[in-house]
Amino acid sequence: MGVVNRNNARVSGSGNTTLIFAHGFGCDQNMWRFIEPAFTRNYRTVLFDLVGSGKSDPSAYNTTKYARLQGYADDVLEIVEEFGQGRIVYVGHSVSAMIGVLADRASPGCFASHIMVAPSPCYINHEDYVGGFERRDIDALLKTMEENYLGWASTMAPTIMGTPGKPELVEELNNSFCRNDPEIAREFARVTFLSDNRQDLIGLDTPCLILQSSDDLIAPETVGNYMHRVLPRSTLRIIDNVGHCPHMSTPGAIADAMREFLGDLAEADK
């Protein structure tokens, strides 16, 4: 099966650098619509849906393969091979930031840089690491998804989006959750919220821009600070935003930070 059909991939723009945009849990490529068009004039852009999400081919979903984030990372590497031209910059939201890290680890040098929007390598607190949740909180969340997925979606959408002044974005996220197959969504949630990718960050020397919201219940500021300490070539930008989707609620600030980061990298290469 080709990656175009499998991942509903779409290529736009032109330039010597390719930006590959990867959406987060419960979302699809449409969530980048406020950001991606701003870069098509100077960059080649690639949008796609993770298998099991959006308009990806449902027949491509394999419980064994996607029981680990590495399964999604392997797909990303195939997308890079198919569509990547010139320098490849991976732009990942939430769990997809870690999917990009795993892809980088599997194929060192495939990415010139990472742009991580609201990333988290581990959502569960561990001793001196503050991920934002206790294990019992995650277990309760997963149990609620098992028992009443639609109810979970309507409850969590406002928490994740965090934009009380923009109810249309909350409704959009809720609808996105509800369009996905509940069984696949539950499996992806389990993989996402129980993963611990902290060790995968250690020694990753690819330049990284970490874009963290100032108020995010899913990935608190402590997580951004941790990642900045661990990643040797990272830049941390705290975005004044409430919620886990700043690329939708404050797209201008995200686009500006991306442009500055990409510009600095281009200058460093001269």
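Biologist: Where is phenylalanine 261 found, and what makes a run a helix?
Modeller: Phenylalanine 261 is found in helix H11, residues 251-269; helices are DSSP runs of H or I with at least four residues, strands are runs of E with at least two, and both are numbered from the N terminus. This is a predicted model, in which local features need pLDDT of at least 70 and side-chain atom pairs count only at pLDDT 80 or more, while totals for chains, interfaces and linings use all residues. Residues are numbered from 1 along each chain as its sequence is written, and side-chain values use heavy atoms, with hydrogens and water left out.

Biologist: Why does phenylalanine 261 count as buried?
Modeller: Its relative accessibility is 7%, and buried means under 20% relative accessible area, exposed over 50% and partly exposed in between, with a 1.4 Å probe and protein chains only; phenylalanine 261 therefore counts as buried. Its C-alpha atom is separated by 9.7 Å from that of serine 113, although the two residues are 148 apart along the chain.

Biologist: Why is alanine 219 called buried, and which class does proline 182 fall into?
Modeller: Alanine 219, in the loop between strand S6 (208-215) and helix H9 (221-230), has a relative accessible area of 0% and is therefore buried. It lies 5.9 Å from serine 120, C-alpha to C-alpha, with their positions 99 residues apart in sequence. Proline 182 has its place in helix H7, and because its relative accessibility is 33%, it counts as partly exposed.

Biologist: What makes the link between histidine 114 and aspartate 104 a polar contact?
Modeller: Their side chains make the contact at 2.8 Å, and a polar contact is a pair of N or O atoms within 3.5 Å, where within protein one must be able to donate a hydrogen and the other to accept it, and residues adjacent in sequence count only if both atoms are side-chain atoms. Histidine 114 is found in strand S5, residues 113-117, and it is buried because its relative accessibility is 1%.

Biologist: What makes an aromatic pair such as tyrosine 61 and tyrosine 66 stacked?
Modeller: The structure holds 14 aromatic pairs. In this one the rings are 5.4 Å centre to centre, with 20° between the planes; rings of Phe, Tyr and Trp (its six-membered ring) pair if their centres lie within 6.5 Å, and planes under 30 degrees apart count as stacked, over 60 as edge-to-face and the rest as tilted, so the pair of tyrosine 61 and tyrosine 66 is stacked. Tyrosine 149 and tryptophan 152 are also stacked, at 5.9 Å centre to centre and 20° between the planes. These latter two residues both lie in helix H5 (residues 149-161), three residues apart, about one turn of the helix, and both are buried. Ring pairs link a cluster whose members include Tyr61, Tyr66, Tyr149 and Trp152.

Biologist: How do you know that the charged end of arginine 198 sits over the ring of tyrosine 129?
Modeller: The distance to the ring centre is 4.9 Å, and a charge sits over a ring if NZ of Lys or CZ of Arg is within 6 Å of the ring centre and within 35 degrees of the ring normal. Arginine 259 likewise lies over the face of phenylalanine 39, at 5.4 Å from the ring centre.

Biologist: Why is one space called a cavity and another a pocket?
Modeller: On a 1 Å grid over the protein atoms alone, a cavity is a set of points where a 1.4 Å probe fits but cannot get out, a pocket is an open set with protein on both sides within 12 Å along at least five of seven lines, and lining residues have an atom within 4 Å of a point. The count comes to three cavities of 30 Å³ or more, and the largest cavity has a volume of about 110 Å³, a volume being the space filled by probe spheres set on the points, which are joined across faces, edges and corners. Of the 13 residues lining the largest cavity, the closest to its centre are Phe25, Ser94, Ile160, Phe193 and His244.

Biologist: What classes of residue line the largest cavity and the largest pocket?
Modeller: The largest cavity has eight nonpolar, five polar and no charged residues in its lining, whereas the lining of the largest pocket, which holds about 150 Å³ of space, has one nonpolar, five polar and four charged residues. Here Ala, Val, Leu, Ile, Met, Phe, Trp, Tyr, Cys and Pro count as nonpolar, Asp, Glu, Lys and Arg as charged, and the others, Gly among them, as polar. Among the residues lining the pocket are Cys27, Asp28, Lys55 and Arg179.
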